[in-house]
Amino acid sequence: MTMDPYVASESTPELTPRQSTSSGLKDYLIGATPLQKRLESVRKQTSFVPTPPQRKIPQCSQLQENIDSQKVAFLLHKQWTLYSILSKSQMPSENREGKVLWTGWFCCVFGDNLLETVSQDFTCLPLFLANGAESNTAIIGTWFQKTFDCYFSPLAISAFNLSWMAAMWTACQMDCYMATTEFLWSVPCSPQSLDISYAIHPEDAKALWDSVHKTPGEVTQEEVDLFMDCLYSHFHRHFKIHLSATRLVRVSTSVASAHTDGKVKILCHKYLIGVLAYLTELAIFQIE
């Protein structure tokens, strides 16, 4: 499997996509017919999909042997800003050399089952990730919208979904790399907000998860709530602060880190596919 990003460089006179095919990760670039009419058509055919009451624990998905390890490493340990978009029709590819100023890529991982009612002639790559200055993202987003009628919408991550990420990623089995599990809560106050950081040894976080986890191979909403409630209770016991009255804005584990503003950093190649699958789900729900 190959994964080629879309990049903007200093020597690039105009923005052009590079396309490759992928069996597990659709990361090629496509354009669209007028988005307004297409969205209206898709929404008429697609019924609202509620948040599932339970999800599978991310499994270690083995990447195909022919994948370039350097391209996998390219995706890890960078803070990606999430977007969601719709597009159609392919564009020609062209290679450019020069210093990389901005990188972005489209993908849809295991999103087909969530897009079953979309017409067959409509291709949807709902998740877009960007790495680079936000000013460049805005310029390129405007270019995409004018050229392909393809609208970029920032993909924020709610505290509810951050809790799911914390539980699912804590449930993952790690072979070697173990990072501290961290949570960041925001406390609105005047004249400026106050942040509360909560760091837990990864083995302690895993032990807590194992104590509340009852469904083999799955994570349920009840388990997520119990996991977070235990963290709240422990913090209150020691510091007399009710974290449930604050807002969770960031989680960080050995698998990945995510912020409510849509910034994500994937840290473990074993769970790259699982993380992208969940982000694809969030992007599709925002579009719908």
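Colleague: How many residues sit between β12 and β13 in their hairpin?

Modeller: Three residues lie between β12 and β13. Keep in mind that this is a predicted model. The two strands are antiparallel and pair over three bridges.

Colleague: Which residue in β13 is the bridge partner of Val251?

Modeller: Ala258 is the partner of Val251.

Colleague: And what does β13 pair with in β14's direction, parallel or antiparallel?

Modeller: Antiparallel. β13 and β14 (residues 263-266) are joined over three bridges. Ala256 stands opposite Ile266 of β14.

Colleague: Which residue takes a positive phi in the hairpin of β13 and β14?

Modeller: Gly262, with phi near 95 degrees. That hairpin has three residues between its strands.

Colleague: Where do I find a positive phi on something that is not a glycine?

Modeller: Lys240 has one, of about 60 degrees. Lys240 belongs to the loop between α6 and β12. Phe110 also has a positive phi, of about 55 degrees, and is not a glycine. The loop between β6 (100-107) and β7 (127-132) holds Phe110.

Colleague: Is Phe110 buried or exposed?

Modeller: Exposed, with a relative accessible area of 59%. Lys240 counts as exposed too, at 60%.

Colleague: Switching to the middle of the chain. How many bridges join β9 to β10?

Modeller: Seven bridges, with the strands running antiparallel. β9 covers residues 181-187 and β10 covers residues 194-200. They make a hairpin with six residues between them. Within it, Phe183 has Tyr198 of β10 as its bridge partner.

Colleague: What about Glu182, buried or partly exposed?

Modeller: Partly exposed. Its relative accessible area is 27%, and buried would need a value under 20%. Glu182 lies in β9.

Colleague: What does Glu182 touch beyond four places in sequence?

Modeller: Tyr198, Ala199, Arg250, Val251 and Ser252. Take Arg250. Glu182 and Arg250 are 68 residues apart in sequence, with 8.0 Å between their C-alpha atoms.

Colleague: Next, the largest nonpolar core. Which of its residues touch the most other members?

Modeller: Leu127, Met165, Trp169, Phe183, Trp185 and Phe227. The core has 56 residues. Helix α7 (residues 272-287) gives the most to this core, with nine residues.

Colleague: Any general reason such a group would form? What do nonpolar side chains tend to do in soluble globular proteins?

Modeller: They tend to be buried together.

Colleague: Back to Trp185. What is it in contact with, sequence neighbours aside?

Modeller: Leaving out residues within four places, the list includes Leu194, Asp195, Ile196 and Tyr198. Met228 and Tyr232 are also among the contacts of Trp185. So are Leu243, Thr246, Arg247, Leu248 and Val249. Apart from this core lies another one, of 19 residues. Tyr83, Ile85, Leu115 and Leu125 are among its members.

Colleague: Now helix α5. Which of its residues are buried?

Modeller: Pro202, Ala205, Lys206, Trp209 and Val212. They are on the same side of α5, because they cover an arc of only 125 degrees around the axis.

Colleague: What do they pack against?

Modeller: α4 (159-170), β9, β10, β11 (218-220) and α6 (221-239).

Colleague: How many disulfides does the structure hold?

Modeller: Zero.

Colleague: Why no bond for Cys107?

Modeller: The closest cysteine sulfur is that of Cys108, and at 7.4 Å it is too far for a bond. A disulfide needs the sulfurs within 2.5 Å. Cys107 is buried, at 0% relative accessible area. Cys268 is buried as well, at 8%.

Colleague: Last bit, the overview. How many helices and strands are there?

Modeller: Seven helices and 14 strands. The protein has 288 residues, and buried ones make up 51% of them.

Colleague: What share of the contacts with a separation of 6 or more comes from residues 24 or more positions apart?

Modeller: 76% of them.

Colleague: And how much area does the protein expose?

Modeller: About 14,500 Å². Carbon and sulfur atoms supply 52% of that area.

Notes. Residues numbered from 1 in each chain as written. Predicted model: local features only at pLDDT ≥ 70, side-chain atom pairs only at ≥ 80, totals over all residues. Heavy atoms only, no water. Core = buried A, V, L, I, M, F, W, Y, C linked by side-chain atoms within 4.5 Å. Buried < 20%, exposed > 50% of the residue type's maximum accessible area, 1.4 Å probe, protein only. Helix = DSSP H or I, 4+ residues; strand = E, 2+ residues; numbered from the N terminus. Contact = heavy atoms within 4.5 Å. Pairing = 2+ DSSP bridges. Arc of directions from axis to C-beta. Areas by Shrake-Rupley, 256 points an atom, 1.4 Å probe, with all protein chains shown as cover.
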